[in-house]
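Student: I am new to this structure. Please pick one part and take me through it closely.

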Amino acid sequence: MNPFALIGRFTIAFLSEIGRLAEFAADALPSIITPPIYLRLTGEQMMRIGYYSLPVVGLTAFFTGGALALQIFIGGDRYGAESFVPQIVVLGITRELGPVMAGLMVAGRVSAAIAAELGTMRVTEQIDALVTLSTNPFKYLVAPRLVAAVITMPLLVAVADIIGVFGGWVVGTQSLGFNSSVYLKNTADFVTNSDVISGLWKAAAFGFIIALMGCYHGYHSKGGAQGVGGATTNAVVSAAILILATNYVMTSLLFSR
Amino acid sequence: MAPPKIELKSVMKRFGSKVVLDGIDLGVQPGESLVIIGGSGTGKSVTLKCILGLIHPERGSIKVDGLEVTRLSSGAREKVNRKFGMLFQGSALFDSLPVWENVAFALIQGHGLGRAEAKQIALQKLAKVGLSKDVGELSPSELSGGMQKRVGLARAIAADPEIIFFDEPTTGLDPIMADVINELIVKTVKDMGVTTLSITHDMISARKIADKIAMLYKGKIIWAGRKEDIDKSGNEFVDQFIHGRAEGPIKMEIVR
């Protein structure tokens, strides 16, 4: 195999995938604002995407906050900076780890579920059936999931922020010898609105990515069980990578001086 | 003669380098039942999907009631699709909804009926295909294949369409259930006076539900005529197909 041909083929495949995705997003976005808008379906999706993700996101945030507190204490010890645990925990959780960890966990849960559901609907002709019943699949299937994910992800991350800080406080007070009220006061004095809000913006963007990847890969899946399996994997992997890349871009934009 | 309800002219469709439809010409008159027969992979399903706008042909014209539908906006497409009902090969019932909501789907989503009213109509339609009220509350996955087909039929006729498509209506059913479905199709079609276009490779079904039969082979209509004439078509491809012979001009691509 000619290596140049290989590079060319890979590049073309990559670019055409981006093109298809952009086309999909361009079809999906207008369907969010044009009637009919399926409020009941959007509500159902908010339950499935947001509410049912609470346990997994909460646990992730708790242990991440705890581990962060330990690491900062041990690392800070080298410079005599171990007393900064509360400040760095709250900063790390609200700005980076809250949105990113929640985003990755929800990507695993929700992108996969959406891709599997829409993929199965595709291969069993249920999506075609929607069209024959005068229902636009973008409005009926894609728009409710996109809206639900964009609305619920910031709420989930707000909860994750609180639980993450709580995780740090538990470790700080129980095993690192911090005084509880001093820990909480340092946290509250240090954190600013913009720390939290920047994380919530990220969460909304990640929510969009999660739902879009699930819908896109599910909607275009073909070839039976194997195709749906592949769509599910691709949805999770691409959502996770896009979340991490978007996180870097948003960090550099939101915190540039 | 009345203008055709559906008219296809030199419709071409290819997937990659494979030509699936190679210039299809077809007309369906109002109130007529046309059945397209042909082997697997000859482009029968693609023809239906082109008419529904699920697949866009590269070339050719498709008219529904005289309106060109190959390049419609999605809003206009939805309006045209209100004329259609379709029974899918695998029934394609929505497994997230109970049976009655499947049947009532077009009424609630497309026509904006209230749920209670739509449910009444859905139960009437279910009765029409011989299913009781209790079935309406079940989930599609709890039904047998034959029952799913009947629910699919009830869903296809629920919004009183002008045109109904049947995609392999008897495939995968036992001979008796197949005949029940055929009977139901003939009966509902006669009752409603609708135009139907069916695709099948089941000749018993084709003879039962068709007024006219067209045979599709390698992306072209190679014969079309009244069903009474199919036994004296004089076309050796048609003869081979309707008698189900392995030997003849149609060669299966089998490595021996």
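Tutor: Here is a close look at the sheet of chain B, followed by its surroundings. Keep in mind that this is a predicted model.

Start with the strands. Chain B has an open sheet built from six strands. Their order across the sheet is 6-7-8-3-9-10. Note that this order does not simply follow the numbering. The pairing is mixed. In general, strands of a sheet pair through backbone hydrogen bonds, and they do so either parallel or antiparallel.

Now find the two edges. Strand 6 of chain B is one edge strand, and strand 10 (220-226) of chain B is the other. Each of them pairs on one side only. Neighbouring strands of this sheet are turned against each other by 15° on average, with direction ignored.

Zoom in on one pair. Strand 7 of chain B covers residues 163-167, and strand 8 of chain B covers residues 195-200. The two run parallel. Five bridges join them. For a single position to look at, take B:Asp167. Opposite B:Asp167 stands B:Ile199, in strand 8 of chain B.

Next, look at the helices that lie across the sheet's strands. Helix 7 of chain B, residues 145-157, lies across strand 6 and strand 7 of chain B. Its direction is at about 175° to strand 6 of chain B. Helix 10 of chain B, residues 236-243, lies across three strands of chain B: strand 3 (33-37), strand 9 (212-217) and strand 10. Helix 10 of chain B runs at about 100° to strand 9 of chain B.

Go back to the edge at strand 6 of chain B, since it leads to the other chain. The contact between the chains takes 17 residues from chain B and eleven residues from chain A. On the chain B side, the elements giving two or more residues are helix 2 (74-81), strand 6 (84-87) and helix 4 (105-110). Helix 4 of chain B gives the most, with four residues. By type, the chain B side divides into nine nonpolar, six polar and two charged residues.

Finally, meet the partner. Chain A has nine helices and zero strands. Along the sequence, its pattern reads α-α-α-α-α-α-α-α-α. Its C-alpha atoms fill a box of roughly 65 × 55 × 35 Å along the principal axes. Of the 257 residues in chain A, 47% are buried. Take the contacts in chain A between residues at least 6 apart in sequence: 88% of them join residues at least 24 apart.

Key
Residues numbered from 1 in each chain as written. Chains lettered and ligands numbered in written order. Predicted model: local features only at pLDDT ≥ 70, side-chain atom pairs only at ≥ 80, totals over all residues. Buried ≥ 20, exposed ≤ 12 C-beta atoms within 10 Å, placed from the backbone. Contact = placed C-beta atoms within 7 Å. Nonpolar A, V, L, I, M, F, W, Y, C, P; charged D, E, K, R; others polar. Pairing = 2+ DSSP bridges. Axes fitted to C-alpha atoms, helices over the stretch in contact; angles between N-to-C directions.
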